[in-house]
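Have a look at the structure below and turn it around a few times. Then let's walk through it together, a piece at a time.

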Amino acid sequence: MGKRSRQRQKNQNTGRDSRDNAGWGAGYADIVKENKLFEHYYKELGLVPDGEFDQFMEAMREPLPSTIRITGYKSHAKEILHCLKEKYFKDLQELEIEEQKIDAPQPLSWYPDEQAWHTNISRKIIRKSPLLEKFHQFLVSETESGNISRQEAVSMIPPLLLSIQPHHKILDMCAAPGSKTAQLIEMLHSDMDIPFPEGFVIANDVDNKRCYLLVHQAKRLNSPCIMVVNHDASCIPTLQVDVDGKKDVLYYDRILCDVPCSGDGTMRKNIDVWKKWTTSNSLHLHGLQLRIAVRGVEQLAVGGRMVYSTCSLNPIEDEAVIAALLEKSEGALELADCSGDLPGLKWMPGVTSWKLMTKEGQWFLDWSEVPSSRHTQIRPTMFPPKDPEKLADMHLERCMRILPHHQNTGGFFVAVLVKKAPMPWNKRYPKLRKDASSSSAAPTKCSTETSAVPSPTPEGTPQEAVEDPPEEKSDTKGTEEAPKGSKQDKLCGPPPSKKIKLFGYKEDPFVFLTEDDPVFTTIQSFYDLAPGFPKLNVLTRTHDGKKRHLYMVSKELRNVLLNNSERMKGIYTLQPYIRSRIIQVSVEDVKVLLTQENPFLNKLEDKAHAQAKEMVMGSIVLKYIPNPNNPAEPQCPIQLCGWRGKTSIRAFVPRNERFHYLRMLGVEVFRDKQGLGQKSKDAETEANDKMERDVEEGEDVDLENGGENLSEPQTDSGLKESSS
């Protein structure tokens, strides 16, 4: 849903409860949930059906339900859903906490395959109640492992309406903190048999610090098809790609335009909106929202789809932006009818008439009524079109407004736009003459999906104007600055804008390896890599010296990075290409590997033990293959990275993922909160780090200290077999 205004974000702590996460945070007890101006404004606009306004306001004052979404593309999704329904949700039934009866969690009726659930338990209660401690720990560890996302229900709607296919090139214009970005990535990987989908997601945010959140969200999903970019969405640069040996403009098949907004639809969780809300917020944001939307449709491919969304109910931020965009497009855009796309979702059609109110309570029905003293604050695009025929052709009723009291959600607005032809202003711009000075593109900060944080390159090299793109002229307004002495001002086109000064962090660039790089010689023989392994997609962080870390991206992201390298800086999918160093393990073997630090080889069952003995020291793949004849065991494959030492074996599994796999195997995991075992946990972490450093530096590593058992009381977790 749309972000809150930037200035208001600076005045509050947004780290605890991001707007994409459901429920309340603590510390709002003294805020009175009353705002007479808000009630007067929305009652006068008539957006709420007759007789329902009191219900609407009552719902706005109630805490928002907690909602979770299962990562549907993962092979473990069915196992996680089974675990939730048969264990945790059953434990929640008939509970009463703080004189509040806990209702049994229910699936969202409009979300496919029961992959999203909601309950009336607020985040505050989940965190604080001892009765819900196990459920809370489950949510935390599974979220960190990327298997579930705690995301507000209405925030899940825009990605569903984009109708993502694995080959789509997607731009998320205002992406942080990244819950919807994660959904987009999941949809790209809907077919788990394809490790490198043709499509990709470029996730952008204007705030460098919020880009850290994007990287963290994307990293959980281990996708090679995500790139994080740090730029002002209203002037995000046009990128280039190589098509049949020629440079071409990158147009996106799908764009998510989830713009900054006043956030009055978030009052159920962002309680401070009650005292800060005023009609001026919408007036200040309308122009920015329209500029971002315009920049989005400029980069959308003909035939592509863009979703515009906000978490505001205000027509000034919603229908007014869409109407202005449609009017500017002169028929190049149309609103899609999505009434049948999400069966079970209740929504109100968009409105075709609205009026504007100042914070002093003065109403304006038309631009002609606005005094000249207010022309800088109130713009013509904030009002409905005057021409009834033109207004009817826009079909603003196809917009969707979700009201909180209809399905116990937050407030939300969404509109789906389809591009039928190039934008008219792109067609009319003549291409720049060869003798005109080329523009200088603003440097863009980006990162492929790694743990590294986006960082800027030095000043970008001049970029030549794109000539004769297949559909429309690239409009790079906001990213160009005409050099002194240029004849640019004599050309018909968008005016040059002020140069944007960016700050960031200096990092080593990513460098693509060649197919004959010596690093592949050892890797090829050690792992018996399949001939189809995409060597050209592998990156490193150094031109010279030892290549200790290798990264991998998809073919199409490699195309983007190579063709925009002067403007940006930028692994998990290897297993299908590895044909040796694989040990097939049983359920009992996996339990041993996940509950003991360095078990001796003879702790494995006979088959796995024999395979391990035949291997020399080094990295291994530990692979569990489900047995369909034994439904009591997990019915999804499990693949773990590990290390074969001289006499012992070890699985490299992050702590939360370890808990995840143990739950799937029927081992109940519960962290001891009495402070026991903190020392041993720190020692374990230090040992892990040292060992991994040694492995990276080529040192011989012997893991033969014989198996510290994680189920011992001195550790930070207690493990026991579940009766279920």
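What follows is a tour from the whole chain down to single residues.

Keep in mind from the start that this is a predicted model. The chain has 724 residues, and 56% of them count as buried. Along the way you'll pass 21 helices and 31 strands. As for the outside, the chain exposes about 31900 Å², with carbon and sulfur atoms supplying 49% of that area.

Let's start with the rings. Searching the whole structure turns up 14 aromatic pairs. One of them joins Tyr41 and Tyr42, which meet edge-to-face, with 5.2 Å from centre to centre and 80° between the planes. To call a pair edge-to-face, the planes have to be over 60 degrees apart, so the angle of 80° qualifies. Tyr41 and Tyr42 are both buried, too. These two tyrosines also belong to a cluster: ring pairs link them with Phe38, Phe53, Phe56, Trp274, Trp277 and Trp363. If you follow the numbers in that cluster, you'll see that it brings together residues such as Phe38 and Trp363.

Trp363 has another neighbour worth finding. Lys355 lies over the face of its ring, 4.7 Å from the ring centre. You can find a similar arrangement elsewhere, where Lys87 lies over the face of Tyr88 at 5.5 Å from the ring centre.

Now for a helix. Helix 6 covers residues 133–144, and its 12 residues should span 16 Å at 1.5 Å a residue. The C-alpha atoms at its ends are 17 Å apart, which agrees with that expectation. Is helix 6 enclosed by the rest of the structure or open to the outside? It is largely enclosed, because 9 of its 12 residues are buried. Those buried residues are Glu133, Phe135, His136, Gln137, Phe138, Leu139, Ser141, Glu142 and Thr143. It helps to know that an α-helix has 3.6 residues a turn, so residues three or four places apart point the same way. Following helix 6 comes Gly146, where phi is positive, near 85°.

Next, a sheet. Four strands make an open sheet in the order 26-27-28-29, with mixed pairing. Strand 26 (582–584) and strand 29 (649–652) are the edge strands, each pairing on one side only. On average, neighbouring strands here are turned by 35° against each other, ignoring direction. What holds such strands together? Strands of a sheet pair through backbone hydrogen bonds, either parallel or antiparallel.

You can check the antiparallel case in the middle of this sheet. Strand 27 (residues 618–624) runs antiparallel to strand 28 (residues 638–644), and 7 bridges connect them. One place to look is Leu622, whose bridge partner in strand 28 is Leu640. Move on to the next pairing and you'll find strand 28 and strand 29, also antiparallel, over 4 bridges. There, Trp643 stands opposite Arg650 in strand 29. Strand 28 and strand 29 form a hairpin, and 4 residues sit between them.

The loops deserve a visit as well. Val370 sits in the one between strand 19 (363–364) and helix 13 (388–394). Is Val370 buried or exposed? Its relative accessible area is 6%, so Val370 is buried, the cut-off being under 20%. Val370 and Pro380 are 10 residues apart in sequence, while their C-alpha atoms are 9.3 Å apart in space.

Finally, a few backbone details. Most residues other than glycine have a negative phi, and most peptide bonds are trans. With that in mind, look at the peptide bond from Ala176 to Pro177, which is cis, with omega near 5°. You'll find Pro177 in the loop between strand 8 (169–172) and helix 8 (179–188).

Two residues other than glycine are also worth a look for their positive phi. Glu114 has a phi near 55°, and its place is the loop between strand 5 (106–107) and strand 6 (116–119). Glu114 counts as partly exposed because its relative accessibility is 32%. Ser163 likewise has a positive phi, near 55°, and lies in the loop between helix 7 (157–161) and strand 8. With a relative accessibility of 32%, Ser163 counts as partly exposed.

Terms used:
Residues numbered from 1 in each chain as written. Predicted model: local features only at pLDDT ≥ 70, side-chain atom pairs only at ≥ 80, totals over all residues. Heavy atoms only, no water. Helix = DSSP H or I, 4+ residues; strand = E, 2+ residues; numbered from the N terminus. Buried < 20%, exposed > 50% of the residue type's maximum accessible area, 1.4 Å probe, protein only. Areas by Shrake-Rupley, 256 points an atom, 1.4 Å probe, with all protein chains shown as cover. Phe/Tyr/Trp six-rings, centres within 6.5 Å; stacked < 30°, edge-to-face > 60°. Lys NZ or Arg CZ within 6 Å of the ring centre and 35° of its normal. Expected span 1.5 Å × (residues − 1). Pairing = 2+ DSSP bridges. Axes fitted to C-alpha atoms, helices over the stretch in contact; angles between N-to-C directions.
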